[in-house]
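I opened the model today and kept short notes. The entries follow the order in which I looked things up.

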Amino acid sequence: MTKTLEDRIALYENASDMLQNSQQGPYVFPIAPQYTNWMEEVRAWRNGAVLLNQSYHMTDLYVRGPDAIKFMSYVGVNSFASFGRNKSKQLICVNPDGYVIGDGIIFGLEDDEILYVGRPPLAYWLAYQAEIGNFDVTTEFDIRSLEGDKPRKLYRFEVQGPKALDILNEVNEGGPLTTKFFNMGEITVAGCTARTLSHGMGGAQGLELWGPYEDGQKVYDRLMEVGEKHGMLRAGARAYSCAAMESGWIPSPLPAIYTGEAMKGFREWLPADNFLAVTSVGGSFQPENVEDYYLTPWDLDYGRVVKFDHDFIGRAALEKMAEEEHRTKVTLVWDQASVLEIFAGLMGPFPGPKLMELPAGHYAAHPYDQVLLNGEQVGVSTYPVYSANERAWISLAMVRGDLAEQGTKLNILWGEKDGGTDKPHVEEHVQMEVSAEVHPWPIHAASRESYRAQK
């Protein structure tokens, strides 16, 4: 009987085979695909203001107890020397061998209560460690809407763009807003007090705000009432799928949990129908050894937050890795002629190149495409999207360090081998190489000039 992730893996030749042929598609944002049109919704966070509804697609985990900070320090590579109430940070966790399990945002609600918000993998890892560890903490899940049948505990909205603070200051009925980057504060909207986190998108400052779910509609309506005067748009699921790529964040590295004796207990703890058991990998990078998918903090540019001022899971491994050469995260701007060739294939003989849905071209929860130089793999490309702000297809990639200079020409192998895997949403297709140029992350207007000439 298949009860656990460990049982499920045993049904396949290897974990790679299981993930590459999973019946699941890309990560889903359970909101309307678009409220106006996705192109102008994307442009709104660069040129005006946009409201993103984050109430449904992320998993929340509450960690409570006198050891809450001590526990987070044990599981996270980050320093927690100054963490506490009204502090927030991006939590990065690795396995005992130093490979990334995931990342997400944690909020210090109180000194003894921390809220994790992010994609599911890391929430399950935290809950497992709290259960097996010697810490005086309890955990409580607030499962994302796609996996749970209970109402959410919190609404969560984000207002971003050059006009965001004008809107937020106008709706605020309380004290001055906290706008220092990644600091928490409060806002009162329509008589409802909410907590806030200050951060930005597209080079502009904005706020994330959240409160009891039952307050959500009143807050939403007031934000829309004032936002309408400033031309604020709502971002639907299609627009939302582009936000991470423009911001330079790789949202879902494959969690490094599928192999190793040290991780076996976790695999046996996870049910066979858990997100981690049914998630999918797609793209032209198709190794037989699932460990070839695993990423280090440096691959994701998280080496800068690794702090050896505390003991944590994976510390010894990361201390050794720190001395090694690392890949560099970059933005790849896809060549216009190559992209047009992909779309021209829709009018040519079948099978043609792999279809690129608009605006997000990836077709699995964890997309991994080969990056090539003279036929040799020199990196991995993830999450291709069409940026309506950059007027180009872009992806985030990790490439050999000597190839990370802006303007370097590389190729991306687009499509899966042998006509595609058994994922039902992957049509039969042929692989092709796409030319691309290296740019910084996050992508921004100053980096566009060298490829604008192509158009």
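**Entry 1: a cut-off, then a histidine**

I call a residue buried when its relative accessible area is under 20%, and exposed when that area is over 50%. Partly exposed covers what lies in between. One caution before I start: this is a predicted model.

I looked up His57. Is His57 buried or exposed? Its relative accessible area is 5%. That is under the 20% cut-off, so His57 is buried.

I then checked where His57 sits. It lies in the loop that links strand 1 (50-53) and strand 2 (59-64). Next I listed its contacts, skipping neighbours within four places in sequence. His57 touches Tyr27, Val28, Phe29 and Pro30. It also touches Arg144, Arg152 and Tyr240.

**Entry 2: the whole protein**

I stepped back for the overall numbers. I found 13 helices and 19 strands in the protein. The radius of gyration is 22 Å, and the globule rule gives 23 Å for 455 residues. The two values are close, so the protein is as compact as a globular protein of that length.

The C-alpha trace spans about 60 × 55 × 45 Å along its principal axes. Of the 455 residues, 57% are buried. The accessible surface comes to about 18,500 Å². Carbon and sulfur atoms account for 48% of that surface.

I also looked at contacts between residues at least 6 apart in sequence. Of these, 72% join residues at least 24 apart.

**Entry 3: the open sheet**

I traced an open sheet of 5 strands. Its order is 3-4-5-2-6, and the pairing is antiparallel. Which strands form the edges? They are strand 3 and strand 6 (138-142), each of which pairs on one side only. From one strand to the next the twist averages 30 degrees.

Strand 2 and strand 5 are joined by 6 bridges, in the antiparallel sense. Thr59 stands opposite Gly118 of strand 5.

Helix 4 packs on this sheet. It touches strand 2, strand 3, strand 4 and strand 5, and its direction makes about 40 degrees with that of strand 5. I listed the buried residues of helix 4 (68-75): Ala68, Phe71, Met72, Ser73 and Val75. What covers them? The cover includes strand 2, strand 3 (88-94), strand 4 (100-110), strand 5 (113-118) and helix 5 (120-132).

**Entry 4: strands 3 and 4**

I zoomed in on one pair. Strand 3 and strand 4 are antiparallel and share 7 bridges. The bridge partner of Leu91 in strand 4 is Gly104. Their hairpin has 5 residues between the strands, and there Gly98 takes a positive phi near 90 degrees. Strand 3 is mostly covered, with 6 of its 7 residues buried.

I picked Ile105 in strand 4 for a closer look. Its relative accessibility is 22%, so it counts as partly exposed. Ile105 and Lys89 are 16 residues apart in sequence, yet their C-alpha atoms are 5.8 Å apart in space. Leaving out neighbours within four places in sequence, Ile105 contacts Ser88, Lys89 and Gln90. Its other contacts include Leu115, Tyr116, Val117, Phe182 and Leu197.

**Entry 5: cysteines**

I searched the whole structure for disulfides. How many disulfides are there? The search finds 0. I checked two cysteines for cover. Cys93 has a relative accessible area of 0%, so it is buried. Cys242 is also at 0% relative accessibility and counts as buried.

**Entry 6: the barrel**

I moved on to the second sheet in my notes. Here 6 strands close into a barrel, in the order 13-17-16-15-18-19. The pairing is antiparallel. Neighbouring strands are turned by 40 degrees against each other on average, direction ignored.

I followed one pair along the barrel. Strand 15 (369-373) and strand 16 (376-387) run antiparallel, with 5 bridges between them. Which residue of strand 16 is the bridge partner of Leu373? It is Glu376.

Last, I looked at helix 12 (336-344). It lies across strand 13 (328-334), strand 17 (392-399), strand 18 (409-414) and strand 19 (432-439). Helix 12 runs at about 145 degrees to strand 19.

Technical notes: Residues are numbered from 1 along each chain as its sequence is written. This is a predicted model: local features need pLDDT of at least 70, side-chain atom pairs count only at pLDDT 80 or more; totals for chains, interfaces and linings use all residues. Side-chain values use heavy atoms; hydrogens and water are left out. Two strands pair if DSSP finds at least two bridges between them. Helices (H or I, at least four residues) and strands (E, at least two) are DSSP runs, numbered from the N terminus. Axes are lines fitted to C-alpha atoms, for helices over the stretch in contact, and angles run from 0 to 180 degrees between N-to-C directions. Contact means heavy atoms within 4.5 Å. Buried means under 20% relative accessible area, exposed over 50%, partly exposed in between (1.4 Å probe, protein chains only). A disulfide is a pair of cysteine sulfur atoms within 2.5 Å. The radius of gyration is taken over C-alpha atoms; the globule rule is 2.2 Å times the number of residues to the power 0.38. Accessible areas come from the Shrake-Rupley method with a 1.4 Å probe; for residues, only the protein chains shown count as cover.
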